[in-house]
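The exercises below are meant to be worked through with the sequence and the model side by side. Try each task before reading its solution.

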Amino acid sequence: MEKREQLNAIRQYVTNSFNNERTGHDLYHLQRVSRMAMEIAREEDANLFRCEAIAWLHDVADHKLVEDEEAAIQALEEFLESLPLTRPDIEAIIKGINTISFSKSKVPTSLEGKIVQDADRLDAIGAIGIARAFTFGGARGKFMYHEQDNDNTIQHFYDKLLKLKSTLHTSTAKSLAEDRHQFMQQFLEKFHQEW
């Protein structure tokens with residue numbers, strides 16, 4: 001099976017899992033992360049196949065979306081073996097996926113993992129990031145904002161989203177993040193003024 005066919009099979013695999021996802025971690029998120037990862041990968045001279053595969057698959061074992069992370073990784077590994085992918089590709093993809101999440105506080109060791117982590121974090125900031133934050137908060141029953149309860153979506157900007165720019169690895173991502181970060185800051189200023 002050619003690499004393009006393998007990527008098509010990977011896209012179909014996530015389509016089956018994320019087609020009805022409603023927390024902002026949907027197929028459109030995966031498309032944006034994949035597109036951004038490829039843009040960064042070309043600038044950074046990375047392995048394009050691994051970047052695209054990790055980007056499409058990066059949420060398949062996310063603790064926010066699955067009940068059993070280990071079972072999700074096991075199912076993914078079996079799927080990748082069936083394509084078939086080489087053992088080095090499978091290991092690189094699994095390792096990349098396991099280091100993307102902000103909540104795990106891991107730093108990817110491969111260039112491809114760093115690129116996809118950057119692309120995923122870029123999708124969490126700016127206009128799309130704002131929309132995704134409120135989509136996720138609403139799906140989880142969080143307050144939009146609450147003056148006495150810090151478990152709200154606006155607080156999430158201070159706890160996570162405003163910190164993402166400083167965690168980026170590649171110069172390409174850092175450059176792209178500037179405008180998105182500034183837009184979030186402006187949004188929060190305006191939100192608090194109106195509140």
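**Exercise 1.** Are α2 and α3 roughly parallel or roughly antiparallel to each other?

*Solution.* This is a predicted model, in which local features need pLDDT of at least 70 and side-chain atom pairs count only at pLDDT 80 or more, while totals for chains, interfaces and linings use all residues. Residues are numbered from 1 along each chain as its sequence is written, and side-chain values use heavy atoms, leaving out hydrogens and water.

Step 1: locate the helices, which are DSSP runs of H or I with at least four residues, numbered from the N terminus; α2 spans 27-44 and α3 covers residues 48-57.

Step 2: compare their axes, which are lines fitted to C-alpha atoms over the stretch in contact, with angles running from 0 to 180 degrees between N-to-C directions. The two axes come within 8 Å and cross at roughly 160°.

Step 3: apply the cut-offs, by which angles under 35 degrees count as roughly parallel, over 145 as roughly antiparallel, 65 to 115 as roughly perpendicular and the rest as oblique. α2 and α3 are therefore roughly antiparallel.

Step 4: list residues in contact (heavy atoms within 4.5 Å); among them are Leu 27, Leu 30 and Val 33 of α2, and Leu 48, Cys 51 and Trp 56 of α3.

**Exercise 2.** Which residues of α3 are buried?

*Solution.* Step 1: use the cut-offs for relative accessible area, where buried means under 20%, exposed over 50% and partly exposed in between, with a 1.4 Å probe and protein chains only.

Step 2: read along the helix, where Phe 49, Cys 51, Glu 52, Ala 53, Ile 54, Ala 55, Trp 56 and Leu 57 are buried. Because eight of the ten residues of α3 are buried, this helix is largely enclosed by the rest of the structure.

Step 3: look for the cover, which includes α1, α2, α4, α5 and α6.

**Exercise 3.** Where does Asp 45 lie, and what is its phi near?

*Solution.* Step 1: Asp 45 is found in the loop between α2 and α3.

Step 2: its phi is near 60°, a positive value in a residue other than glycine. Most residues other than glycine have a negative phi.

Step 3: with a relative accessible area of 69%, Asp 45 is exposed.

**Exercise 4.** Is the peptide bond from Leu 83 to Pro 84 cis or trans?

*Solution.* Step 1: find Pro 84 in the loop between α4 and α5.

Step 2: omega is near -10°, and the bond is cis.

Key. Helices (H or I, at least four residues) and strands (E, at least two) are DSSP runs, numbered from the N terminus.
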